[in-house]
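Happy to go through this one with you. Let's take the labels one at a time and ask what earns each of them.

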Amino acid sequence: MLRISGLSVDYGVGERAVRAVSDVSLTLRRGEVLGLAGESGSGKSTLAYGLTRLLAPPGVVACGTVIYHPGDGSEPVDVLALDHAGLRRFRWAQTSIVFQAAMNALNPVDKISAQLTDVIKAHRPDLDRAARIARARELLGLVGIPADRLDSYPHQLSGGMRQRVMIGMALALEPRIVIMDEPTTALDVVMQRQILAVFTRLRKRLDFSVVFITHDLSLLVEFADRIAIMYGGRIVEEAPAAQIYRDPLHPYSDGLLHSFPALRGPRRELAGIPGSPPDPRSLPSGCAFHPRCPKAFDPCAREVPILGAPGEAGPGAAQGAGGGARSVACWLHTSDRSTA
Ligand SMILES: Nc1ncnc2c1ncn2[C@@H]1O[C@H](COP(=O)(O)OP(=O)(O)OP(=O)(O)O)[C@@H](O)[C@H]1O
């Protein structure tokens, strides 16, 4: 559905530009949940905003392409080249985002009905008021909220309900892709699971693809089909969720996996990752993770390993446990790949 190639995003221009996302290539397939995990500051949100052209200045896409394949026989869309009218059609109708601050994204002085019907009115001017209200009721029903809550103000709803309203709003125009940026981070674990259960049910029914961004890798392991792990603005590993869980290849993926308790499956010891994520203004040389990596060795500080299939000739090379394509950017799993 979406093919991102060599996408880099900077904050600022010229010599003072800071690269927050570097050379990211990812493919989102039809009906798939693609998880994007990494610590705070790894560039997950910047990537999501970059690919949907929602970056606020000084953010700029420095290079790369984002191609959307509508899958209805129409031509692929070059998202980064869309004009204003094209972007309007692309956003919300084709791709919608549930933002990180979704809990606060509702307007406190407007009733839920007004906020839901606003979205419908903006993109479906053909619908009259009665049809818009009917659709708003239907959307609340989809996310498991009684229709009489249409007349509520946001403060009269619980955090979980507000989050569901946001999901309903994101689905208002039946988008093909929904990007969720830390949608459940502010909720307790029980509410997180309820929201994810609602969302999973809707995804099966409405058949949209999802990019799910979170720092909680254990959540993704349950929910995503594939997972891409970001560190220092780059993808450092990408694999089917089961492989990441059973056999993470990159020491950072392994550290992240052992930083959160899993709700299901065998118990794992929580270890955490020593140190802090790097500042993109002064990334460490070579592999950005090397100062924190328990397995760093000779080449790690010198050269950036590029993302590719786990090499057979590199020391410690391994095959994925569960089958399926996977890639990793780590000298432990590399024979002779390096950036120019
Ligand atoms: N407006 C901005 N100006 C300058 N730098 C920015 C701006 N917004 C983000 N950054 C920097 O870009 C890097 C990536 O930030 P981003 O928010 O994409 O990370 P993230 O992985 O989504 O983290 P979080 O989960 O905390 O949102 C960070 O180092 C951040 O400081």
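Q: What makes E2-E1-E4-E5 an open sheet, and which strands stand at its edges?
A: In this predicted model, four strands line up in the order E2-E1-E4-E5 with antiparallel pairing. E2 and E5 (77-78) each pair on one side only, which makes them the edge strands.

Q: How do you know that E4 and E5 pair?
A: Two strands count as paired when there are at least two bridges between them. E4 (residues 59-68) and E5 have two bridges, in the antiparallel sense, so they meet that cut-off. As an example of who faces whom, Ile67 has Asp78 of E5 as its bridge partner.

Q: What does H1 touch in the sheets?
A: In the four-stranded sheet, H1 touches E1 (2-11), E2 and E4, and its direction makes about 115 degrees with that of E1. H1 also lies across E3 (33-37), E6, E7, E8 and E9, running at about 145 degrees to E8.

Q: Which strands make up the open sheet with mixed pairing, and why does one side of each edge strand lack a neighbour?
A: Seven strands follow the order E6-E7-E8-E3-E9-E10-E11. E6 and E11 (327-328) each have a single partner strand, so one side of each is left without a neighbour in the sheet.

Q: What makes the pairing in that sheet "mixed"?
A: Look at both senses of pairing. E6 (residues 95-98) and E7 run parallel, joined by four bridges, and Ile97 stands opposite Ile179 in E7. E7 and E8 (residues 209-214) are also parallel, with five bridges. E9 (residues 226-231) and E10 (residues 234-240), however, are antiparallel over six bridges, with Ala228 opposite Glu238 in E10.

Q: How does the chain get from E7 to E8, and what is the hand of the crossover?
A: In E8, Ser209 is the bridge partner of Ile177. From E7 the chain passes through helix H6 (residues 189-206) to E8, a β-α-β crossover that is right-handed.

Q: Why is E7 called largely enclosed?
A: A residue is buried if 20 or more other C-beta atoms lie within 10 Å of its own. Five of the five residues of E7 (residues 177-181) are buried, so the rest of the structure largely encloses the strand. Ile177, Ile179 and Asp181 point one way, Val178 and Met180 the other way, and all are buried.

Q: Why is Glu182 called partly exposed?
A: Glu182 has 19 C-beta neighbours inside 10 Å, and buried would take 20 or more, so Glu182 counts as partly exposed. Glu182 sits in the loop between E7 and H6.

Q: What makes the phi of Glu182 and of Arg53 worth a look?
A: Most residues other than glycine have a negative phi. Phi is near 45 degrees for Glu182 and near 60 degrees for Arg53. Arg53 lies in the loop between H1 and E4; with 15 other C-beta atoms within 10 Å, Arg53 is partly exposed.

Q: How do you know that the bond joining Pro57 and Pro58 is cis?
A: Omega is about 10 degrees there, and the peptide bond is cis. Most peptide bonds are trans. Pro58 lies in the loop between H1 and E4.

Q: Which element gives the largest share of the shell around the ligand?
A: H1 does, with three residues. Of the 15 residues around the ligand, Tyr11, Ala20, Ser40, Ser45 and Thr46 come nearest. The shell divides into five nonpolar, nine polar and one charged.

Notes
Residues numbered from 1 in each chain as written. Predicted model: local features only at pLDDT ≥ 70, side-chain atom pairs only at ≥ 80, totals over all residues. Near = placed C-beta within 6 Å. Nonpolar A, V, L, I, M, F, W, Y, C, P; charged D, E, K, R; others polar. Buried ≥ 20, exposed ≤ 12 C-beta atoms within 10 Å, placed from the backbone. Right-handed = clockwise from strand over helix to strand, strands pointing away. Contact = placed C-beta atoms within 7 Å. Axes fitted to C-alpha atoms, helices over the stretch in contact; angles between N-to-C directions.
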